[in-house]
Amino acid sequence: MSLISPWRADFPALDALERQGQTYLDSAATAQKPQTLIDALAHYYTNGAANVHRAQHLPGAMATQAFEDTRRKAAEWLNVGSSGQIVFTHGATSAFNLLAYGLEHLFQPGDEIVISALEHHANLLPWQQLAKRRALKLIVLPLTIKGVIDVNAAASLITHRTRLIAVSQLSNVLGTWQPVTELVALAKAHGALTVIDGAQGIVHGRHDVQTLGCDFYVFSSHKLYGPDGVGVLFGHHQALAQLRHWQFGGEMVLQTGYLDATFRPAPLGFEAGTPAISGIIGLGATLDYLNDVNHVAAVEHEARLHELLRAGLMLREGVRLVGDPHVALVSFFVEGVHNADLAHLLTEQGIAVRAGHHCAIPLISSLGLSGAIRVSLALYNDSDDLERFFNALDQALELLR
Ligand SMILES: Cc1ncc(COP(=O)(O)O)c(C=O)c1O
C-alpha cells in the first residue's frame, strides 16, 4: 500500500534530507519545520528585530504584538480561554522545573507526589529532586502489561496525602495514550494539583485542555513543528496564582529597590529576561499553518502509517515491540542483537531513528532492556520512508545474524 503525505511539500527539509540520502524517522525527538515558519523567522529578522514589552518604538511594538499574538494562538490551540493562562518557557523541561520550584512552598514533609513508571526524565527528575529537598514521598504509578498507567492501582495510590500528580499524556517510549482524564479526576477528588506532560500528545490530534480539566499542561514547540528553545506552560488561573516566582530578572518585576522587590503575576512574572522572541513568533506562524491542516485527515494518515510500521516490524523474525503502541511511534528490539549495533547499521544506511533509553531510564530498565530503537512518525512521512527503513533493517539484520 502506498501512502503519500499531502503535507510533505510544506516541509522543505524533507527534500534536502532526501538529497543527502537521509530518511527522517525521529520526529518524536524533534520535528522538521514548515515553510510558513521559516518565512516568519526570515520576515522577523529581515524586517527588524526588537525586544518585547520594553520599548516604546515601532519595532518593539511590532515584535510585542506578534509575540502576544502567539500567546493568544497557543491558548486557542489548547482551548483554554484566556491567553493570560499561557506562560512561555524555554521548553517542556524548563516548564517542569519552573513548576517544581514554584510550587515547592506548598509541600510539607511526608506529602506525596504521584508520577508514573513511564515518565520522561523531564517529568521525573524535577519532582524527584523536589521530593528530596522537602522530604516528600514520590509515588510511582505502575503500568498494565499494555503499557498504560494502571487506573485501578492509581485509585488506591492517589489519596488525601497526594498533593500533586504529574503524568504523561502520550508515552515517548511506548507510544501509548495514557488515561489522563481519569487520573485528573482521581487527583481532583483528593484536592491534588495536576500536571500533564503534553510533549508528545500535543503533536497527534487536537486536545481540549479545558475539558481535560488539569491545572497545568506543558509542551515544547519544537516537537509540534515549531522552533526550538520555546515551551508552553498552560496554568489554570487559580493554579498559576499558587506559583511562586522562581527566576528573577528583567520585565518580571513590578517594583524593586536594592533590598526588596514586588513581582508581576503570570504570565509575565514567570518570563524573566529576554524570552525566545523569534521562536515564539515562529511558533505563532506554525500554529497558523497547523490550523490550516485537516486534522481528521492528518490523524488518519498517521494511523495508517503507524499500522504499516507496526505490522512490518511484527512480520520480521526476532523483532519484539516494546509495549503495544497506539500512535506516532514504535519502539522495538531484536532478540540476540544489540540495539546499538543495529542503530549503527541503520545510521550508515541513512535511516534517522533514535536508539537508547529515550530519556526514560527507569522505564527501560524496568522492562529488562538496555535500550530500544524508536521509529517515530510525523504528518510529513509517507510509505516510501517506511519502505526505505524496512530495506535497511533487513540488510542490517542479515549482517548481524
Ligand atoms: C514525553 C516527553 N516529555 C518531556 C520531554 C522534554 O522535552 P524538551 O526536551 O523539549 O524539554 C520530552 C522530549 O523528548 C518528551 O518526549
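**Ligand shell and two sheets: a conversation**

Colleague: What makes a residue one of those around the ligand, and which are they?

Modeller: A residue counts as near if one of its heavy atoms lies within 4 Å of the molecule. The residues around the ligand are A92, T93, H120, A122, N172, D197, A199, Q200, S220, H222 and K223. This is a predicted model, where local features need pLDDT of at least 70 and side-chain atom pairs count only at pLDDT 80 or more, while totals for chains, interfaces and linings use all residues. Residues are numbered from 1 along each chain as its sequence is written, and side-chain values use heavy atoms, with hydrogens and water left out.

Colleague: How does that shell divide into nonpolar, polar and charged?

Modeller: Into three nonpolar, six polar and two charged residues. Here Ala, Val, Leu, Ile, Met, Phe, Trp, Tyr, Cys and Pro count as nonpolar, Asp, Glu, Lys and Arg as charged, and the others, Gly among them, as polar.

Colleague: Why is the pair between K223 and the ligand called a polar contact?

Modeller: Because a polar contact is a pair of N or O atoms within 3.5 Å, and an N or O atom in the K223 side chain is 2.6 Å from an oxygen atom of the ligand. (Within protein, one atom must be able to donate a hydrogen and the other to accept it, and residues adjacent in sequence count only if both atoms are side-chain atoms.) D197 also has a polar side-chain atom 2.6 Å from a nitrogen atom of the ligand. For H120, the distance from a side-chain N or O atom to a ligand oxygen is 3.3 Å. The protein covers 86% of the 390 Å² of accessible area that the ligand has on its own, by the Shrake-Rupley method with a 1.4 Å probe.

Colleague: How do you know that β6 and β7 pair?

Modeller: Two strands pair if DSSP finds at least two bridges between them. Three bridges join β6 (residues 193-197) to β7 (residues 216-220), so the pair qualifies, and the two run parallel. Among the partners, I196 is bridged to Y217 in β7. The strands are DSSP runs of E, at least two residues long, and helices are runs of H or I, at least four, all numbered from the N terminus.

Colleague: What makes β2 and β4 edge strands?

Modeller: Each pairs on one side only, β2 spanning 86-89 and β4 spanning 137-141. Their open sheet has seven strands in the order β2-β8-β7-β6-β5-β3-β4, with mixed pairing.

Colleague: How do you know that helix α3 lies across strands, and at what angle to β2?

Modeller: Contact means heavy atoms within 4.5 Å, and α3 (residues 58-78) lies across β2, β7 and β8 (231-235), at about 115 degrees to β2. Axes are lines fitted to C-alpha atoms, for helices over the stretch in contact, and angles run from 0 to 180 degrees between N-to-C directions. Helix α7 (residues 180-189) touches β4, β5 (162-168) and β6, and makes about 175 degrees with β5.

Colleague: What is the pairing in the sheet that holds β12 and β15?

Modeller: Antiparallel, in an open sheet of four strands ordered β11-β12-β15-β14. Four bridges join β12 (residues 329-334) to β15 (residues 372-376), and L329 has S376 as its bridge partner.

Colleague: What makes the bond between A266 and P267 cis?

Modeller: Its omega is about 0 degrees. P267 is in the loop between β10 (261-263) and α10 (277-292).
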